[in-house]
Amino acid sequence: MSLPAFLHPNLAGVAAGDVISLTGPEGRHAVTVKRTAPGEQVLLIHSPGENAEAYFREHEGLYVEATVQETAGKDELIVRVDTVGQTPAPNPRVTVVQAIPKSERSELAIDLATQAGADEFIAWQSDRCIAKWDAKKAPKALQKWQAQAESAAKQSRRTRIPHVSGPLTTPQLVHYLQQSEKFDSTPLIYVLHEDAMDSIKSVKLVHDEPTSQADVVLLIGPEGGIGADELDALKAAGAHPVKLGPEVLRTASAGMVALAAIGVRTNRW
């Protein structure tokens, strides 16, 4: 049985034998809600919250297994670190560019794709998005996406928390895709499209060298679909249209299904 998991804001530099504490909302959840008691073992996952930019990549996958020493008040868990580990990056590493869904499906898209293994999310203000994130709304919306990614990762016992950024308009996304320095390797960019000729089961997902790290970028359009001009711009930036199957999936579930297909075709699963 897997250990109960909680998010910790800073595990960088922690070593076996160290005594550390977990406070705040996660500490309260451990102490008051879960009633975690001395002697129990827990899994602490490094999740930086507002310090995500500094954490991203360098400390992805950092975690500790620890034994509870004591609790203090209603929201402090004090543990002794048993082991420290860092889950390696999957190959390929998958960035999901998610067109912003309508409100009732927005966080569902992040939840499902996180469970299926997305490594990063970029919010995309596609031309046909019904939902619109203006400058005032975007920061709060991104916080909700990040919180949903953290919650889904914890629930599925993922030690690599996806980072959320954006939103990008289509011209901004095109510029982003053309910046190869943003990736560990030249990315393989696929845009999910119902009229695509190629299937995700047949396209390239890793580089020819078995040990070479690959980056896959999945572009998922909005409820209204991707317009012809928009698709042409994405193709000019290196995106290749692919389809998942004969059905047209909802934007909230397409990422999960695509990640599942990538998982069984590569060493991710």
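Colleague: In the lining of the largest pocket, how many residues are nonpolar, polar and charged?

Modeller: The lining of the largest pocket divides into 9 nonpolar, 6 polar and 7 charged residues, and please keep in mind that this is a predicted model.

Colleague: How is such a pocket found, and which residues lie nearest the centre of the largest pocket?

Modeller: Rolling a probe the size of a water molecule over the atoms shows where empty space is left. Here the largest pocket has a volume of about 470 Å³, and of the 22 residues that line it, Leu192, Glu194, Pro222, Val248 and Leu249 lie nearest its centre.

Colleague: What volume does the second largest pocket have, and which helix gives the most to its lining?

Modeller: The second largest pocket has a volume of about 370 Å³, and helix 3, residues 103–116, gives the most to its lining, with 3 residues. The lining holds 23 residues, of which Pro90, Asn91, Asn267, Arg268 and Trp269 lie nearest the centre, and it divides into 7 nonpolar, 10 polar and 6 charged.

Colleague: Turning to a single residue, is Ala214 buried or exposed?

Modeller: A residue counts as buried when its relative accessible area is under 20%, and because Ala214 has 0% relative accessibility, it counts as buried. Ala214 lies in the loop between strand 9 (188–192) and strand 10 (215–220).

Colleague: Which residues does Ala214 touch, leaving out those up to four places away in sequence?

Modeller: Ala214 touches Asn91, Pro92, Arg93, Ser185, Leu205, Val206 and His207. Of these contacts, Pro92 shows how sequence and space can be read together, since Ala214 and Pro92 are 122 residues apart in sequence and 4.6 Å apart in space, C-alpha to C-alpha.

Key
Residues are numbered from 1 along each chain as its sequence is written. This is a predicted model: local features need pLDDT of at least 70, side-chain atom pairs count only at pLDDT 80 or more; totals for chains, interfaces and linings use all residues. Side-chain values use heavy atoms; hydrogens and water are left out. Helices (H or I, at least four residues) and strands (E, at least two) are DSSP runs, numbered from the N terminus. Buried means under 20% relative accessible area, exposed over 50%, partly exposed in between (1.4 Å probe, protein chains only). Contact means heavy atoms within 4.5 Å. On a 1 Å grid over the protein atoms alone, a cavity is a set of points where a 1.4 Å probe fits but cannot get out, and a pocket is an open set with protein on both sides within 12 Å along at least five of seven lines; lining residues have an atom within 4 Å of a point. Grid points are joined across faces, edges and corners, and a volume is the space filled by probe spheres set on the points. Ala, Val, Leu, Ile, Met, Phe, Trp, Tyr, Cys and Pro count as nonpolar, Asp, Glu, Lys and Arg as charged, and the others, Gly among them, as polar.
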